[in-house]
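Biologist: I am new to this molecule, so please take me through it slowly and explain each term when it comes up.

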Amino acid sequence: MTEPRARAARHKGQLNFEKELRGLLFAHGDDEDPLPETVRVLDEITTDFIIETCHAASRHATLNGRQKVKLEDFKFVVRTDDRLLGRMMELIGMEKELKEARKGFNTDEGKVGLERSGPKKRRRTMKVGEKEEDGEGGEDAEEGDDGMEDLVFGPSTSIAG
């Protein structure tokens, strides 16, 4: 990119991508436990690349009169690197596909029993030592009746029947 920037003191010695880089090195034929110097140097290169790319995108946004960085600014920065731009466009496409798939996914599966029960009854909270007046769950309740049937299936149906 441009001239290398000095790493900020708070990031010096801190590895941001150690686990990922170790896996990447192993996948490309290095030892399972690579040299710490190799991981440190690759981490510095990766971090510097990300920082430089973000600074360049920020500069582009500023030159266009915007304070916020948009996706188009990053596309502009990597426009000369065909492989990087292609991978970026591929990831953006996959993100859109996943977003559409999540949108179309039916999330009402757990509400099948609740739609028959009608509107929910409001239950008032009881104070310690206070007895229930309507008999639900009190001494008059049948053995094993915890009121859960009414919550899940509604008053007209029962789990056992």
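**Burial and charge**

Biologist: What is the relative accessible area of Arg66?
Modeller: Arg66 counts as partly exposed, a class between buried, under 20% relative accessible area, and exposed, over 50%, judged with a 1.4 Å probe and protein chains only. This is a predicted model, in which local features need a pLDDT of at least 70 and side-chain atom pairs count only at pLDDT 80 or more, while totals for chains, interfaces and linings use all residues. Residues are numbered from 1 along each chain as its sequence is written, and side-chain values use heavy atoms, with hydrogens and water left out. For Arg66 the relative accessible area is 23%.

Biologist: Which residue forms a salt bridge with Arg66?
Modeller: A salt bridge here is a side-chain nitrogen of Lys or Arg within 4 Å of a carboxyl oxygen of Asp or Glu. In this pair the closest N and O atoms are 2.8 Å apart, and the partner of Arg66 is buried, at 0% relative accessibility. That partner is Asp73.

Biologist: How many salt bridges does the structure hold?
Modeller: Glu18, Arg22 and Asp33 are linked in a network of salt bridges, and Glu100 pairs with Lys103, with 3.9 Å between their closest N and O atoms. Lys103 is exposed, with a relative accessible area of 64%. For the structure as a whole, the number of salt bridges is 6.

**Helices**

Biologist: About how many helical turns separate Glu44 and Arg40?
Modeller: Glu44 and Arg40 form a salt bridge whose closest N and O atoms are 3.1 Å apart, and both are partly exposed, Glu44 at 27% relative accessibility and Arg40 at 38%. Because they are 4 residues apart in helix H2, their separation along the helix is about one helical turn.

Biologist: Which residue has a side-chain polar atom 3.0 Å from the backbone nitrogen of Asn16?
Modeller: Such a polar contact is a pair of N or O atoms within 3.5 Å; within protein, one must be able to donate a hydrogen and the other to accept it, and residues adjacent in sequence count only if both atoms are side-chain atoms. The partner of Asn16 lies in helix H2, residues 36-63, and is buried, with a relative accessible area of 1%. This residue is Asp43.

Biologist: What pattern does the chain follow along the sequence?
Modeller: Helices (H or I, at least four residues) and strands (E, at least two) are DSSP runs, numbered from the N terminus. The chain has 5 helices and 0 strands. Read along the sequence, the pattern is α-α-α-α-α.

**Surface and confidence**

Biologist: Which residues make the nonpolar surface patch of about 220 Å²?
Modeller: Patches are made of residues with over 30% relative accessible area and no salt bridge, like charges being joined within 9 Å and nonpolar side chains (Val, Leu, Ile, Met, Phe, Trp, Tyr) within 5 Å. Areas come from the Shrake-Rupley method with a 1.4 Å probe, and for residues only the protein chains shown count as cover. One member of the patch lies in helix H4, residues 82-104. The patch is made by Phe49, Ile50 and Leu84.

Biologist: How many contacts beyond near neighbours in sequence does the stretch 147-154 have?
Modeller: The predictor's confidence in each residue, from 0 to 100, is its pLDDT; the chain averages 77, and 58% of the residues score at least 70. Over residues 147-154 the pLDDT is below 50. Counting a contact as heavy atoms within 4.5 Å, the number for this stretch in the model is 14.
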